[in-house]
Amino acid sequence: MVSFASRKTGGRAVLSEEFERELTREVLRTELLRVRTLIITGCVMILFLTATYLIDPAIVNRVWRGTEGLVREYTLLAGFILFEVWVHSQIRRNLKLDRDLPVIRRYISALIETSLPTIILILQIRSMGASQALGFVLPLVYFIFIILSTLRLDFWLSTFTGFVAAAELLAVALYYDSANDAGEPLIYFHAVRSTIILICGVLAGAVGARLRRQFAASIAAATARDRVTNLFGQHVSPQVVERLMAEGTSAAGDLRRVAVMFVDFRGFTAGAQSRTPQEVVDRLDGAFAVLVDILDRQGGIVNKFLGDGFLALFGAPLEASDAAYRAVAAGREMLIAMDRINAQTSWPLRIGIGIHFGEVVAGNIGSPRRKEYTVIGDTVNFASRLEALNKEFGSHFLISAAVREALGEDGGDAVALGEVTVRGYEQPVAVFQLG
């Protein structure tokens, strides 16, 4: 069986390059979202400081002991924003190159970002005192970085962020505020608070890892669907795609009994000569849409579009015990549908249908870079010849003796045309007309 999302080697899942590339791109996109959020947060903090200074300058004196401390915070925030802008540019560059960020750079970035509240906290402790600064808003800022670390989609990076925040806050608190006014040690108070921050980092990492698994599952499913449609063409119904993904299909050629249908539009070239290219395309697309929809309902697929016609298969890639019956039912419905369409247009189109039932070799054929699912064998060649015989007999729907036999009583309206000489075959063959 072909595995559409990954393959296993030595018991370990080896993801396809396509899957890994798309997963990397998705992780980088979430990184961009995280960085943009941090930039916006930094800008909001600058606006908040500015508004505070303009509305109530007295607060600036109480918290920062004048504008000098405020300017230092402005400088730190501006530097932080510039750093994040640089990180943003690097991520976008790697995204364009389909290249992941180095792991060490991610950890260095997390260390620098998470240390910003620590530096500002130290500045505030020096200006307003340890107890006031540690009870102020700065220790809560760590949670912004921990929450946003979820978007890294990496358990260990989020845990590392929580650890850095917890360790730095604990170190600063113990250094500047080791005891309260009564002389009682505050190590337990600070340790518990840092432990909560570390736990939050671990939880953020768990959420990020969960999101990464969901992203991976979604990308794997999308990759599988893309491979199915690339392999079998863009004309496979969603139901067939789902079954192919669930059941898989052999990569090598295997022997199948299938019903092969050729459909061709009669006199299309002559009609197209007096019309614009856009009119030709619109007319052809409209007719194909109706015919392909009929194939979907009957369980067939379009294997190839052949200009103003197509090759359809019943019984491959998914096996069907009633392949011949389904093919004939689809052909009958196509003739009725074309009559209905022709009654509503100034450019009527007639179709010729040929169906043969027999063994073929079905499999994926092509170069290592581009393969296509197709069927090969005399059954295919004879179905093509049958369709071409419609011109000779002035008919619209011809089937082989094998199809007539498979229909049984359902083929009672088939008209025998006798033994017919078919180009490329030495012996005459029995041909039947339907419709």
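Trainee: How should I read the packing of helix α3 against helix α4, and at what angle do they pack?

Mentor: Two packed helices are described by the angle between their axes and by the distance between the axes. In this predicted model, helix α3, residues 67–96, packs with helix α4, residues 103–128, at an angle of about 170°, and their axes are 11 Å apart. Since an angle over 145 degrees counts as roughly antiparallel, α3 and α4 are therefore roughly antiparallel to each other.

Trainee: Which residues make the contact, on α3 and on α4?

Mentor: On the α3 side the contact is made by R72, E73, L76, L77, F80, F83, E84, V87 and Q90, and on the α4 side by R105, S109, I112, E113, L116, I119, I120, L123 and Q124. Taken by chemical class, the residues of this contact divide into 10 nonpolar, three polar and five charged.

Trainee: What is found in the loop between α3 and α4?

Mentor: One residue to look at there is D98, which is found in the loop between α3 and α4. The phi of D98 is near 55°, a positive value in a residue other than glycine. With a relative accessible area of 38%, D98 is partly exposed, because that class covers the values between 20% and 50%.

Trainee: Where does L153 lie, and is L153 buried or exposed?

Mentor: L153 lies in the loop between α6 and α7, the latter being residues 155–176, and its phi is likewise given as near 55°, a positive value in a residue other than glycine. At 2% relative accessibility, L153 counts as buried, the cut-off for that class being under 20%.

Trainee: How do I read a cavity, and how many cavities of 30 Å³ or more are there?

Mentor: The idea to keep in mind is that a cavity is a space where a probe fits but cannot get out, whereas a pocket is open. In this model the count comes to two cavities of 30 Å³ or more. The largest cavity has a volume of about 80 Å³, and the second largest has a volume of about 40 Å³.

Trainee: Which residues line the largest cavity?

Mentor: The lining of the largest cavity consists of L38, T41, G42, M45, F80, L116, P117, I120, L138, V141, I144 and F145. The elements that give two or more residues to this lining are α1 (residues 17–55), α4 and α6 (residues 138–148). By class, the lining residues of the largest cavity divide into 10 nonpolar, two polar and no charged. Among them are F80, L116 and I120, which also take part in the contact of α3 with α4.

Trainee: Which residues line the second largest cavity, and which element gives the most to its lining?

Mentor: The second largest cavity is lined by R34, L38, A110, E113, T114, F145, L148, S149, R152 and T161. Here α1, α4 and α6 each supply at least two residues of the lining, and α4 gives the most, with three residues. The lining of the second largest cavity divides into four nonpolar, three polar and three charged residues.

Trainee: Turning to pockets, how much space lies in the second largest pocket, and which residues are the closest to its centre?

Mentor: About 280 Å³ of space lies in the second largest pocket. Of the 16 residues that line this pocket, M45, F48, L49, W64 and V137 are the closest to its centre. Two or more residues of the lining come from each of α1, α2 (residues 57–64), α3, α4 and α6, and α1 gives the most, with five residues. The lining of the second largest pocket divides into 13 nonpolar, two polar and one charged residue.

Trainee: Where does L49 lie, and what is L49 in contact with?

Mentor: L49 lies in helix α1, and it is buried, with a relative accessible area of 6%. Leaving aside its neighbours within four places in sequence, L49 is in contact with W64, L70, E73, Y74 and L77. Of these, Y74 is 25 residues from L49 in sequence, and the two are 8.2 Å apart in space, C-alpha to C-alpha.

Trainee: How many helices and strands are there in the protein chain as a whole?

Mentor: The protein chain has 14 helices and 10 strands, and 45% of its 435 residues count as buried. Among contacts in the chain with a separation of 6 or more, residues 24 or more positions apart account for 71%.

Conventions
Residues numbered from 1 in each chain as written. Predicted model: local features only at pLDDT ≥ 70, side-chain atom pairs only at ≥ 80, totals over all residues. Heavy atoms only, no water. Axes fitted to C-alpha atoms, helices over the stretch in contact; angles between N-to-C directions. Helix = DSSP H or I, 4+ residues; strand = E, 2+ residues; numbered from the N terminus. Parallel < 35°, antiparallel > 145°, perpendicular 65-115°, else oblique. Contact = heavy atoms within 4.5 Å. Nonpolar A, V, L, I, M, F, W, Y, C, P; charged D, E, K, R; others polar. 1 Å grid on protein atoms, 1.4 Å probe; cavity = no way out; pocket = protein on both sides within 12 Å on 5 of 7 lines; lining within 4 Å. Points joined across faces, edges and corners; volume = space filled by probe spheres on them. Buried < 20%, exposed > 50% of the residue type's maximum accessible area, 1.4 Å probe, protein only.
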